[in-house]
Protein chains: 2
Amino acid sequence: MVNSRFSVAIHILSLIATTSDKNQLTSEYIAGSVNTNPVVVRRMIGVLKKAGLLTSQTGIPGYDLLVEPKDLTLLAIYHAIDGPEQLFAIHDEPNPACSVGQKIQRTLEGVYTSVWHAMEEQLQAQTLQDVLDQLRK
Amino acid sequence: MVNSRFSVAIHILSLIATTSDKNQLTSEYIAGSVNTNPVVVRRMIGVLKKAGLLTSQTGIPGYDLLVEPKDLTLLAIYHAIDGPEQLFAIHDEPNPACSVGQKIQRTLEGVYTSVWHAMEEQLQAQTLQDVLDQLRK
DNA sequence: CAAACCTGTAACTATAATAGTTACAACAGG
DNA sequence: CCTGTTGTAACTATTATAGTTACAGGTTTG
């Protein structure tokens, strides 16, 4: 299983999108909702900021989305947090003297790429707005 | 990224399917092709054996597949090695007092399930025989 | 301007998953 | 009986992730 960074990023972005009171929207408040440490939140927000998804200012509470929720796909969020581009690792340096070892890496790459594309399609099809709609239900 | 156990399992099964000389097919030989330790190979083979994919006997070199490569889907192999049933972790215990924290887990489960199914379909569509064909090319 | 509060980061620690290694019991076959 | 093999347990090493402490620097407000 991949880490929970993706889940935390979506949680944070959902809070920013739905919280109107800026003074309430501190890293400590967000951490309280996510159930983690404020530094973990600020660290993650730093990543999302670098990716151009939101903005903030040192010393001033609150964050602003730079992309409309309906235009923000989950795939874009995934890329923002620099999630791994492959789901499965391929073992290093199989024996090139063996007919299987020689070609297994390229073969597995093909298999895993097809799996990866299927996953990308699903993430591309859903936006932050879809998540917000689910949360409101 | 998930671990390389899946890749190693496919590599091992490919070797068993294509190596006719049983006396050659020792855990040490397989380890040489995979580039790992013989114990890692025997450990993985133990898992595949428990799942009913192959058979072997203590003291006697060689392994036998119990399923025809054309009938062995990559998904079955994935299940055999007890791969994780979800790709992304969901953070623990978000704050139930917060409207987002209260529903985020269920919402993310829905998102991740759709991604998971897409992945399963891809793995179901490919068999060990497909891998063997790729290796032969 | 001083105190209180915030963001941004670096650095360290804790935990867990994975892989690699050593060791040895049990079995087979010459 | 000796050599080689499988099957496992137990330990170590490595790495990724998350959590924590500490502090620099900006903002706001009395």
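## Symmetry of the pair

In this predicted model, chain A superposes on chain B after a rotation of 180 degrees, with 0.0 Å of shift along the axis. The RMSD of that fit is 0.1 Å. This is how a two-fold axis relates two copies.

The contact surfaces follow suit. Of the interface residues of chain A, 98% are also interface residues in chain B, so the two copies meet through the same surface.

## Extent of the interface

On chain A, 51 residues are in contact with chain B. They meet 50 residues of chain B. Together the two chains bury about 4200 Å² between them. Carbon and sulfur atoms account for 67% of that area.

## Polar links

How many salt bridges cross the interface of chain A and chain B? The rule finds zero. Here the rule asks for a side-chain nitrogen of Lys or Arg within 4 Å of a carboxyl oxygen of Asp or Glu.

Polar contacts do occur. Twelve residue pairs are in polar contact between chain A and chain B, with both residues at pLDDT 80 or more.

## What chain A brings

Which helices supply the side of chain A that touches chain B? At least two residues each come from α1 (5-18), α2 (27-34), α4 (74-80), α5 (99-124) and α6 (128-136) of chain A. The largest share belongs to α5(A), with 14 residues.

By residue class, the side of chain A that touches chain B holds 28 nonpolar residues. Another 18 are polar, and five are charged.

Methods:
Residues numbered from 1 in each chain as written. Chains lettered and ligands numbered in written order. Predicted model: local features only at pLDDT ≥ 70, side-chain atom pairs only at ≥ 80, totals over all residues. Heavy atoms only, no water. Least-squares fit on C-alpha atoms with pLDDT ≥ 70 in both. Contact = heavy atoms within 4.5 Å. Buried area = accessible area lost by both parts, 1.4 Å probe. Polar contact = N/O pair within 3.5 Å; in protein donor to acceptor, adjacent residues only side chain to side chain. Helix = DSSP H or I, 4+ residues; strand = E, 2+ residues; numbered from the N terminus. Nonpolar A, V, L, I, M, F, W, Y, C, P; charged D, E, K, R; others polar.
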